[in-house]
Structures are given as structure tokens and as C-alpha cells.
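This report describes one protein chain, first as a whole and then through its aromatic side chains. The structure is shown below.

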Amino acid sequence: EFFIVQGSGESNLGYHPGAYDIALEKAGGIHNYNHIVYSSILPKSAVKINEVPKYEHGAVLESISAEAGKDFKYPKRLTAGLIITKIFKDGNCIGGLVAEYNGTGSKEECEKFLKDNMQDMISRRYGEDVQSEDELYIETIEPKSKFACAMVVLGFSSYKYPVLGIE
């Protein structure tokens with residue numbers, strides 16, 4: 001299971017912990033997690049849930065994240081985005097892929113970047129004989145402060161572990 005949250009924040013005090021921490025708080029209140037970032041693969045059994053699970057302060061949140069703003073001062077605009085794509089072959093889901101955008105483009109530029117990159121990822125992995133279903137999540141901010149952050153986070157609330165040594 002996974003959930004999607006997004007948010008943005010700004011601060012004149014700093015990026016981290018300022019704007020970044022504010023964005024985490026606005027993104028579903030995930031600011032009291034310890035964050036571990038994954039690569040962009042979803043198991044075929046992954047299901048989206050609508051709420052951030054209850055957790056203990058300091059718990060680990062494993063995620064796929066788009067985060068814009070880290071290396072900028074006084075940005076005019078920041079945009080973060082995720083595209084989540086389920087891949088189907090012969091009508092059966094074979095898994096999912098996620099692509100991230102972290103930049104200063106418009107929502108339209110972000111969407112084009114994500115869709116183009118996802119098509120490239122699918123073609124390299126599976127060829128042209130597959131179908132796909134996309135979901136897009138985009139967060140943008142035009143800040144007034146020195147530091148800012150826009151983010152979209154896919155957080156995992158359950159996990160699939162490989163069992164080694166079994167045939």
C-alpha cells in the first residue's frame with residue numbers, strides 16, 4: 001500500500017530545516033518521519049490508499065519523492081511532480097513505474113517532461129507491446145521568500161520483501 005501527499009513551503013531562515021520542513025508538514029503532516037528515498041519501481045500488487053497512516057514520532061517513511069528547491073535562493077517558481085504508471089501486457093498488470101520532476105518549469109512543462117520520460121522508461125524496459133495507465137501529481141509554488149520547497153511524496157505504508165533461497 002502507498003499514499004500520495006504534496007505540499008510546499010517557504011522560509012527566509014533556510015532550506016533545511018526551514019522551507020523543506022514546512023513543505024513536509026503541509027504535505028500531509030509527514031514532517032515527523034525519518035525519510036528514506038527509494039528508486040522508481042512499484043510492485044504489481046501496490047494499491048493506493050487515501051490517508052497517511054498513524055505513526056510513532058520518528059518512524060521511518062520509505063518513499064519515492066520529487067523535491068524542488070534545494071539548490072535555489074529566491075526562486076521565481078519551483079515545481080515538483082510524480083507520474084505513477086501501471087504497466088499492462090496482455091491485459092495483466094506486470095508492475096508500476098514512477099518518474100520524478102524537480103525543477104522550475106510550469107505545470108505544463110512538468111507534465112510533458114514526466115510523460116516523455118515515462119514513455120522512455122516503458123520502451124526501454126518492455127518495448128512497445130504494452131499498455132499503461134498514468135496518474136500525475138504536480139505541486140508548484142511562486143515564493144516570496146529566500147528559500148522554498150515544492151514536493152510530491154509517494155509514501156509506502158506496507159512492503160513486499162523478497163524471500164531468498166526458495167525456488
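How many of the 167 residues of the protein, in per cent, count as buried? In this predicted model, the share of buried residues is 43%.

**Overall fold**

The protein holds two helices and eight strands. Read from the N terminus, the order of these elements is β-α-β-β-β-β-β-α-β-β. Among the contacts with a separation of 6 or more, 75% join residues that lie 24 or more positions apart.

The C-alpha atoms occupy a box of roughly 55 × 40 × 25 Å along the principal axes. A compact globule of 167 residues would have a radius of gyration near 15 Å, and the 17 Å of the protein agrees with this.

**Surface and charge**

The accessible surface amounts to about 9,600 Å², and carbon and sulfur atoms contribute 49% of that area. The protein carries 18 positive and 24 negative charges, and the mean positions of the two sets lie 4 Å apart.

**Aromatic pairs**

The whole structure contains four aromatic pairs. Two of them, both between tyrosines, are described here. In the pair of tyrosine 15 and tyrosine 20, the ring centres are 6.0 Å apart and the planes meet at 40°, so this pair counts as tilted. Both tyrosine 15 and tyrosine 20 are buried.

The pair of tyrosine 33 and tyrosine 55 is stacked, because the planes of the rings are at 25°, with the centres 3.9 Å apart. This pair links distant parts of the chain, its members being 22 residues apart. Tyrosine 33 sits in the loop between helix H1 (15–26) and strand E2 (34–37), and tyrosine 55 in the loop between strand E3 (41–42) and strand E4 (60–68).

Which side of the burial cut-off does each partner fall on? Buried means under 20% relative accessible area. Tyrosine 33, at 9%, therefore counts as buried, whereas tyrosine 55, at 30%, is partly exposed.

**A further tyrosine**

Tyrosine 159 lies in the segment after strand E8 (147–156). Along the chain, tyrosine 159 and tyrosine 55 are 104 residues apart, and their C-alpha atoms are separated by 15 Å. The table lists the relative accessibility of three tyrosines.

| Residue | Relative accessibility | Class |
|---|---|---|
| Tyrosine 33 | 9% | buried |
| Tyrosine 55 | 30% | partly exposed |
| Tyrosine 159 | 36% | partly exposed |

Definitions and conventions
Residues numbered from 1 in each chain as written. Predicted model: local features only at pLDDT ≥ 70, side-chain atom pairs only at ≥ 80, totals over all residues. Heavy atoms only, no water. Helix = DSSP H or I, 4+ residues; strand = E, 2+ residues; numbered from the N terminus. Rg over C-alpha atoms; globule rule 2.2 N^0.38 Å. Buried < 20%, exposed > 50% of the residue type's maximum accessible area, 1.4 Å probe, protein only. Contact = heavy atoms within 4.5 Å. Areas by Shrake-Rupley, 256 points an atom, 1.4 Å probe, with all protein chains shown as cover. Lys, Arg positive; Asp, Glu negative; His and termini not counted. Charge placed at Lys NZ, Arg CZ, Asp CG, Glu CD. Phe/Tyr/Trp six-rings, centres within 6.5 Å; stacked < 30°, edge-to-face > 60°.
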